[in-house]
Structures are given as C-alpha cells and as structure tokens.
Amino acid sequence: MKLYVWTLAPNPRRVLIFLGEKSIPMTVEDVGDGARLKPEFLARSVHRRVPLLELDDGSLLGEAAAICRYLEALYPNPPLMFGNTPKQAALIDMWERKSEGEGVFAVAEVFRNKLSAFEGRALGGYRTELPQIPALVDRGKRRFQEFVETLEQQLAEQLFVAGDSFSMADITALCAIDFAKRSRMPLPENCVNVARWHAQVSSRPSVAGCAG
Ligand SMILES: N[C@@H](CCC(=O)N[C@@H](CS)C(=O)NCC(=O)O)C(=O)O
C-alpha cells in the first residue's frame, strides 16, 4: 500500500495521525508542488485530491474517513478509533462529519477564496477553472466560529470530542483547529475547554510527530 499526501494539508494529516495512533506501517509520498498538486498525480487519479491510498492491487481509495475505515478493518486493534458499540460508533461518526464539514471545509472556504495562490482554484480537485467568491471569506469565518462554539459546549461536558476516549472525531476536529490557526484564525480566548482538549490531544505521540 502507498499513501499519497500533501505536506501540511489538513485532510492527509487526518490519515497520518490515524496511522500513528494505530502504529500502522505505510509508504508515504508527498505529491504537493507548492500551492498545487503535481500534474502527474492529478492525471492518474479520478479523485484528484489527497489523501489517496493505493492498494497493492492498484485500486485507488480517496476520502480520509473512508481510508481510515479501511485501515481500521485491516488493523482492528486498538479498537476505539471508530467506537465499539452502535451508539459510540454513531457519535464518533456524527462528530467526525461535523468536524470535516463545519470545521475543515469552513477554513478552506476562507483561504481558498482569499489567497492569490488559489485564484481560479477556489475548490480543490476541479478539472476546470473555478473563480474565487470574496464574500465566502467572511462566511467561512462565521461558519468556523460557529463550529468552535459548538465544540466548546461539547468539551465542557466531555473529555474528548465524541465521549471519554480519543477517536477519529478528535483527529478531524484537531486538524480543523490547527488548519485554522495556520490560516490566521486562532482559537478565541474564551474557548477554554477547546484549549484544554487541544493541549491534551496535541501531546499524543501520533499528533506531536505529525506537524499541522
Ligand atoms: N473530503 C476529502 C477532502 C480532500 C481534500 O480536499 N484534499 C485537499 C488537500 S487538504 C486536496 O487534495 N486539494 C486538491 C487541490 O487543491 O487541488 C477527504 O476527506 O479526503
């Protein structure tokens, strides 16, 4: 198996932290070329995005959550990343999807519609030009703020994002928060519970070994 990534991009990082958490060995190739992906990588994959997992039979698997679920099935121990009861699994799924849709994508909405490096590429993976919409910068910031406030409420009552143990939901929420920080959207000072959780999960070897 081989995992294609783009250094510092948040979605491949979700898979890299998961690999570290489960101690899964993997060959990794960085296919980033500055602010874009290498043309030869784009040409060979229908997904046109990273992370991308190439299986030994040549199949290509896209989407961070799908890749992690596949690896979880191959390496089921330790078993807590996707939950081991129906309720736990659903809660993890819910918070993981929320963290991607309202966290990672909200930050992407800001910088892809703002930075000149992404002119004509306002969404990743498209085959044709997609213009930036400046109004989406403020809307993305608002969406991210709403996400952080929701997380703050959740973490006032829970040790981790989806309950009392570290899971895939923590990985995606952490990648969203770190991605925001790099995009000049730091955590608001009043988010004390998110800050407490962030410090705690950032000290895990899987996270500390995978800069965001
Ligand atoms: N939902 C996808 C999102 C993948 C995605 O958007 N990846 C970005 C990097 S973080 C990408 O490959 N962008 C390609 C581009 O900008 O051309 C996932 O979970 O893997």
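These legends describe close-up views of a predicted model.

**View 1. The residues around the ligand.**
The ligand is surrounded by 18 residues. V50, E63, A64, E100 and R112 are the closest. Sorted by class, the shell has nine nonpolar residues. Another six are charged, and three are polar.

**View 2. Polar contacts of the ligand.**
Two arginine side chains and one backbone atom are shown here. In the side chain of R112, an N or O atom is 2.7 Å from an oxygen atom of the ligand. The side chain of R14 also has an N or O atom by a ligand oxygen, at 3.0 Å. V50 takes part through its backbone: an N or O atom there is 2.8 Å from a nitrogen atom of the ligand. On its own, the ligand has 520 Å² of accessible area, and the protein covers 89% of that.

**View 3. Helices that line the ligand.**
Two elements, α1 (10-22) and α4 (86-112), each give two or more residues to the shell around the ligand. The most come from α1, which supplies four residues.

**View 4. Cysteines without a disulfide.**
A disulfide is a covalent bond between the sulfur atoms of two cysteines. This structure holds zero disulfides. Why is C175 not bonded to C210? The sulfur of C210 is the closest cysteine sulfur to that of C175, but at 7.1 Å it is too far for a bond. A disulfide needs the two sulfur atoms within 2.5 Å. C175 counts as buried because its relative accessibility is 1%, under the 20% limit.

**View 5. C191, another cysteine outside any disulfide.**
C191 is in no disulfide. The nearest cysteine sulfur belongs to C175 and is 18 Å away. Is C191 buried or exposed? With a relative accessible area of 5%, C191 is buried.

**View 6. S183 in a loop between two helices.**
The loop that holds S183 runs between α6 (168-182) and α7 (192-202). S183 is buried, at 14% relative accessible area. A polar atom of the S183 side chain is 2.9 Å from the backbone oxygen of F179. Which residues does S183 touch, leaving aside those up to four places away in sequence? They are V107 and F111.

Technical notes
Residues numbered from 1 in each chain as written. Predicted model: local features only at pLDDT ≥ 70, side-chain atom pairs only at ≥ 80, totals over all residues. Heavy atoms only, no water. Near = heavy atom within 4 Å. Polar contact = N/O pair within 3.5 Å; in protein donor to acceptor, adjacent residues only side chain to side chain. Areas by Shrake-Rupley, 256 points an atom, 1.4 Å probe, with all protein chains shown as cover. Nonpolar A, V, L, I, M, F, W, Y, C, P; charged D, E, K, R; others polar. Buried < 20%, exposed > 50% of the residue type's maximum accessible area, 1.4 Å probe, protein only. Contact = heavy atoms within 4.5 Å.
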